[in-house]
Amino acid sequence: MALVDPYAPCHCGSGQKYKWCCQNVEAYIERGQRLVDNGQHDLALKTLVEGLAKVPENVSLLLRKALVELHLNQADSAVETLRLLLQKHPGHLGGSILMTRLVLDKEGAPAGVAPFQQDLSAHSPQDRGQLASLASFLGSTLA
């Protein structure tokens, strides 16, 4: 287990304290990562699903599940996982960027504009700078 101040903001970006967010699912996260590192993506996905059965809205588990689904060429499942994540945590930067990139890859640049606009509206004006690289990428694909 990692040594993290339980009352520090959680590293996953949920906005909650670590104690009330990812501390309860750390074992699933660590086990899933070890399985990914060993190339056992099917088992990693199963581990993340087990964790989500206990804590269904956990940001770290949802984001990692989407990434493993992408690795397993399950893009439609990854999109659904990201939709759930963004429904519960609309301003989550990692989920927003990944969703926009997925839509861009699957449906093309014009379709990628809609999730990018949702990303912009979900972030405060001072946080929108974090989306600059995504805006640049989207602009280059539209050109």
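The following exchange explains how several terms are applied to residues of this predicted model.

Colleague: What should be known about the model and its numbering?
Modeller: The model is predicted, so local features need pLDDT of at least 70 and side-chain atom pairs count only at pLDDT 80 or more, while totals for chains, interfaces and linings use all residues. Residues are numbered from 1 along each chain as its sequence is written, and side-chain values use heavy atoms, with hydrogens and water left out.

Colleague: Why is K65 called buried?
Modeller: The relative accessible area of K65 is 17%. Buried means under 20% relative accessible area, exposed over 50%, and partly exposed in between, with a 1.4 Å probe and protein chains only; K65 is therefore buried. K65 belongs to helix α3, residues 59–71, where helices (H or I, at least four residues) and strands (E, at least two) are DSSP runs numbered from the N terminus.

Colleague: Which residues does K65 touch, not counting residues up to four places away in sequence?
Modeller: They are L45, L48, V49, L52 and T81, contact being heavy atoms within 4.5 Å.

Colleague: Why does N58 count as buried?
Modeller: N58 has a relative accessible area of 3%, so N58 is buried. N58 is placed in the loop between α2 (41–54) and α3. Apart from neighbours within four places in sequence, N58 is in contact with C21, C22, V25 and L52.

Colleague: What makes the approach of the N58 side chain to L61 a polar contact?
Modeller: The side chain of N58 reaches the backbone nitrogen of L61 at 2.9 Å. A polar contact is a pair of N or O atoms within 3.5 Å; within protein, one must be able to donate a hydrogen and the other to accept it, and residues adjacent in sequence count only if both atoms are side-chain atoms. The distance of 2.9 Å is therefore within the limit of 3.5 Å.

Colleague: Why is H92 described as buried, and where does H92 lie?
Modeller: H92 has 6% relative accessibility and so counts as buried. H92 lies in the loop between α4 and α5. A polar atom of the H92 side chain lies 2.6 Å from the backbone oxygen of C12. Residues up to four places away in sequence aside, H92 touches C12, G13, V59, L63, L85, L86 and H123.

Colleague: Why is N73 called exposed?
Modeller: N73 reaches 70% relative accessibility and therefore counts as exposed. N73 is in the loop between α3 and α4. Phi of N73 is near 60 degrees, a positive value in a residue other than glycine. Most residues other than glycine have a negative phi.

Colleague: How do you know that the charged end of R101 sits over the ring of F137?
Modeller: The charged end of R101 is 3.9 Å from the centre of the F137 ring. A charge sits over a ring if NZ of Lys or CZ of Arg is within 6 Å of the ring centre and within 35 degrees of the ring normal. The charged end of K19 also sits over a ring, that of W20, 5.5 Å from its centre.

Colleague: Why is L35 called buried?
Modeller: L35 has 9% relative accessibility, so L35 counts as buried. L35 is found in helix α1, residues 26–37. Leaving aside neighbours within four places in sequence, L35 is in contact with Q40, H41, L43, A44 and T47.
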